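Subject: Structure for you to look at

Hello,

Here is the structure I promised to pass on. Please open it and keep it beside you while you read my notes below.

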Amino acid sequence: MLKMVGTSGQVSLGKQYAGRYFEMQIQADGGILLKPVRVIPEADAWLYTPEMRERLAQAAAWMAEHPPRETDLEQLAARVEGRE
């Protein structure tokens, strides 16, 4: 696909890329490489650390082995009362 840079210095990639972020790398030969990226807020970056990814994988494995089931509220109340 051949694209021409307009007088404003912009290139249109097409509507399918609208609203997406790209990392732009300028190569030694003057070529331009666009890599699609996702941007996350700084406050959420801790979720993407290797440690947290491992903990989330462990939690997902535990949930797969322990599917949800109905709680017997009377039995639960008896267990709680027994701890006091």
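**The nonpolar patch**

In this predicted model, eight side chains deserve a look: Val5, Val11, Leu13, Tyr17, Met24, Ile26, Ile32 and Leu34 make a nonpolar surface patch of about 720 Å². Two elements each give two or more residues to that patch, namely strand E1 (21-26) and strand E2 (32-37).

Start with Val5. You will find Val5 in the segment before E1. Is Val5 buried or exposed? The answer lies in between. Its relative accessibility is 49%, so Val5 counts as partly exposed, because exposed begins over 50%.

**The largest pocket**

Now turn to the largest pocket. Its volume is about 280 Å³. Which residues line the largest pocket? They are Lys3, Met4, Val5, Gly9, Gln10, Val11, Leu13, Met24, Ile32 and Leu34. By type, the lining holds seven nonpolar residues, two polar ones and one charged one. Val5 belongs to this lining and also to the nonpolar patch. So look at Val5 with both features in mind.

**Tyr48**

Last, find Tyr48. Tyr48 sits in the loop between E2 and helix H1 (50-65). Tyr48 has 47% relative accessibility and therefore counts as partly exposed. Next, compare Tyr48 with Asp29. They are 19 residues apart in sequence. In space, their C-alpha atoms are 34 Å apart.

Best wishes

Note on methods
Residues are numbered from 1 along each chain as its sequence is written. This is a predicted model: local features need pLDDT of at least 70, side-chain atom pairs count only at pLDDT 80 or more; totals for chains, interfaces and linings use all residues. Side-chain values use heavy atoms; hydrogens and water are left out. Patches are made of residues with over 30% relative accessible area and no salt bridge: like charges are joined within 9 Å, nonpolar side chains (Val, Leu, Ile, Met, Phe, Trp, Tyr) within 5 Å. Accessible areas come from the Shrake-Rupley method with a 1.4 Å probe; for residues, only the protein chains shown count as cover. A salt bridge is a side-chain nitrogen of Lys or Arg within 4 Å of a carboxyl oxygen of Asp or Glu. Helices (H or I, at least four residues) and strands (E, at least two) are DSSP runs, numbered from the N terminus. Buried means under 20% relative accessible area, exposed over 50%, partly exposed in between (1.4 Å probe, protein chains only). On a 1 Å grid over the protein atoms alone, a cavity is a set of points where a 1.4 Å probe fits but cannot get out, and a pocket is an open set with protein on both sides within 12 Å along at least five of seven lines; lining residues have an atom within 4 Å of a point. Grid points are joined across faces, edges and corners, and a volume is the space filled by probe spheres set on the points. Ala, Val, Leu, Ile, Met, Phe, Trp, Tyr, Cys and Pro count as nonpolar, Asp, Glu, Lys and Arg as charged, and the others, Gly among them, as polar.
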